[in-house]
Structures are given as structure tokens and as C-alpha cells.
Amino acid sequence: MNIQDTIERALKAAGLNTESGPMRGVTETIRKALSSAGLGGATEPPRAAPGQRAPRDSDTIEVVAREVVGSAEAETPTARAPAARRPAAARPAETAEGQFLARSFSSAAGTRAYKLYLPPQAAQAKAKALPMVVMLHGCTQSADDFAAGTQMNRLADQHGFLVLYPEQAASANPSRCWNWFSPHDQVREGGEPALIAGMVEAVAAEQPVDPRRIYVAGLSAGAAMAVILGQTHPELFAAVGAHSGLPYAAAHDIPSAMAAMKGRVVMGRAHFPGTPEDPRRPATQAVPMIVFHGDRDHTVQQSNGDQIVSQALAAFTGQAGKNGLKEHREEGTTDAGQRYTRTRHLGADGRCLVEAWALHGAGHAWSGGNAAGSYTDAKGPDASAEMLRFFLAQPAAQRHAVASTPPMGV
């Protein structure tokens, strides 16, 4: 097959008519340009020699053109755009693809862009309400980068849930970090928790989302913000996932944030000699929590992951009493050689309320992630799959009124 035939096949595969209408002129222009360069011509399809079979379509490389809206989708392997100009009825249900939409949200708390992944199940005529996972990227990352690294969209295709990727603006933080260390962004009203929660509620209102099965997870600064959201909006999120993150209200400025990340801080102590006691608050909302952290993480020390677990346990035992949770611990090694310790804390009904994965020898990276995204470690275990399992095992969130979180120092 010559170049001209290949181009025509690609155009036809995209649903574009090259025999009539506007595309006929385009096709003629391409044909003339290729002919003048000696690359086209009216080459006849190869004929079979006597005693031999004629060439089949399977002997050539199939070229399929797809319409991709915006460069962001083209950069992300998990971003899938619908086939260009092809009627929906022409595509069998079993080959339907998800959509990765780029949008923005504005409220009194500010404006942020976001990406929304809709699995094929969301496009069904009588789509039932589906769960939604909110994914908060880390510093220097983007929504597309985080989607590629965590492969959460692939799991969404398999299990039928939506994925929302809020994106931090460079104008809000030069490194695109969520401002987890700012007192203004650790309370329910006015800051980034209010902005993200408003975005989540707006998406849930316009898409087939079950408002009682919304979960939030993040990496690093995104994990710290996910933990904050669990405290400021416990009625909105049925569970929280924190990978390489920090505990609630771990810092109140940039110096204290740097100290906390390095593990030089214990709750209730001063950050640096000569500074006043840090005005941190305890976590009081009992929200199911799953935590992943590498014990060789030198960006955010593992002691922070331990403190997230301690906060969650304190909130649950405060409700259930000192002996309310039972601990089960197991050791394991992935096929790629990654050793881990998994600790599960079970309630009286046997349900796991707090789960912690200590990754031995691992650094600051999403466990089991794909190299297409930044800060990933392919050796596993698969944090995305394990978080999803934990999320879906939790009961629906209870929609109830929540009092305002107290200001810093109270």
C-alpha cells in the first residue's frame, strides 16, 4: 500500500467521506502533492501471482484516526477520546470508551481547572449512580500526569466509577502544591478544602454519581489535602486514601511544613528552637483511612504516615472506646521483590476502618504506579487497586450537618 492509500484509509476510518463533499477537495490536494513528490500516483493494488493468494487487509498496518480535543488528552495514555464523527449507534456497547473531559470550577473560594474521567458505564442510557474517586496530585504534577501514573482511569473502566482530578494552579502555589500547610486551607470555609468540596458537589450534581460513595485520595501534598478534606468535610467523603502524605494540621507556615516533612516534628512540639508552640489541632472526625508510605521516603518521612494512622485511630477509638479496634498485621513481598507490612485495624463488626501499608525500602513514589507518570514505583503493591478495594468496602457516607472547624490555635 502506498502513502496515498494509507492516508485515504485513515480518513475513511475516521468517518470522513473522501468521495464527495469538502473532503473530496482535500483528498485531491493530498493526491496531487504526493504525486508531484513521487510518493503517490495511481498505483494499482497488488494482484496475486498465478497459484498465489491475493493480499488481504490483514497484511497491512491498519491506521485509525481519532479526534482528540486538546493536547493534554494526547499526552496521557489513559485519556481516551471518542472515535471522530462516528455515530454512537455504530459502536457496539462492548467497545465503548470512556471520556476524559477538561473543565474548570469557580466559587467564592476561587477557580481551579480539573479533569473528569467518565467510564463507559456512565454513558449508558439508564446509567445508575456510580461511585466517584477524587484524586489530588502532588507538587509539580498535573491532572494528566497523575492520571497516567496512578492508572486510576483503567480501574474506572473495569469497576465502573468516575474519577475527578482537581488541578492546583501555579498562581496559587508556584510548585503547584496544595497548600496543606496554610491555616486558611485547613478549615471548612473559604480555602482550598471549600473549593475542592464545591467542585466535587458540582460534578456529582451533573453526573451519575452516588453522593454517598465519594472518596478522596492523594500523593504527598495531595495526600495531606485529602486528609484535611476528611476532617473538614466528613459528610462528603466516605473514605480517605493518603500516599506519602502528612497528618491533619501538621504545619502552619512554610518553615514548619519543611520541618514536618523531614520528620523533625512531633505533634505539640515547637518546630524550631525559640519559636512558640505550634497551634495544631487533633483530628476528631472518624473517617475510614488507608495509608501508604515508604520507609525510605526522604521527601516526606514515614513518621508522617504513622501520625496519619495515629490520628485516625484516635478518632475511631474515641467513639468506640479504648478496646474498640482489633489489629491484624501481615508481611508480604510482591512479585517484583517489594517487601511490605500491612496493618489492618478492625471494628467490632469486622470491617477494616484504618489500614496502613509500610513499604520497606521504598521512596517518595506512588506504589505500583506506571512510568508514564512522575513519582511512581512499578514494584508495587498496587496502591490504586488497594485503595479502591478499601473504598468500596466502606458503607456509604452519612450526609449530616458538620460544624465549622475551629481556627488555628483554638
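**Helix crossing and disulfide**

Guide: In this predicted model, helix 5 (residues 152-159) and helix 10 (residues 383-392) cross at roughly 45 degrees, with axes that come within 10 Å.

Visitor: Why are helix 5 and helix 10 called oblique to each other?

Guide: Their axes cross at roughly 45 degrees. Angles under 35 degrees count as roughly parallel, and 65 to 115 as roughly perpendicular. The crossing angle falls in neither range, so helix 5 and helix 10 are oblique to each other.

Visitor: Which hand does the crossing of helix 5 and helix 10 have, and what residues meet there?

Guide: The crossing is right-handed. From helix 5, Met152, Leu155 and His159 meet Ser384, Ala385 and Leu388 of helix 10. By class, four residues of this contact are nonpolar and two are polar, with no charged ones.

Visitor: How do you know that cysteine 139 and cysteine 177 are joined by a disulfide?

Guide: Their S to S distance is 2.0 Å. The cut-off is within 2.5 Å, so the pair counts as a disulfide. The structure holds one disulfide, and its link is right-handed, with 125 degrees about the S-S bond.

Visitor: What parts does the pair tie together?

Guide: Cysteine 139 lies in the loop between strand 3 (130-136) and helix 4 (143-150), and cysteine 177 in the loop between strand 4 (162-167) and helix 6 (192-206), so the parts tied together are 38 residues apart in sequence.

Visitor: Why is cysteine 177 called buried?

Guide: Buried means under 20% relative accessible area. Cysteine 177 has 11%, so it counts as buried. Cysteine 352, at 9%, is buried too, whereas cysteine 139, at 23%, is partly exposed.

Methods
Residues are numbered from 1 along each chain as its sequence is written. This is a predicted model: local features need pLDDT of at least 70, side-chain atom pairs count only at pLDDT 80 or more; totals for chains, interfaces and linings use all residues. Side-chain values use heavy atoms; hydrogens and water are left out. Axes are lines fitted to C-alpha atoms, for helices over the stretch in contact, and angles run from 0 to 180 degrees between N-to-C directions. Helices (H or I, at least four residues) and strands (E, at least two) are DSSP runs, numbered from the N terminus. Angles under 35 degrees count as roughly parallel, over 145 as roughly antiparallel, 65 to 115 as roughly perpendicular and the rest as oblique. A crossing is left-handed if the near helix is turned anticlockwise from the far one by less than a right angle, and right-handed if clockwise. Contact means heavy atoms within 4.5 Å. Ala, Val, Leu, Ile, Met, Phe, Trp, Tyr, Cys and Pro count as nonpolar, Asp, Glu, Lys and Arg as charged, and the others, Gly among them, as polar. Buried means under 20% relative accessible area, exposed over 50%, partly exposed in between (1.4 Å probe, protein chains only).
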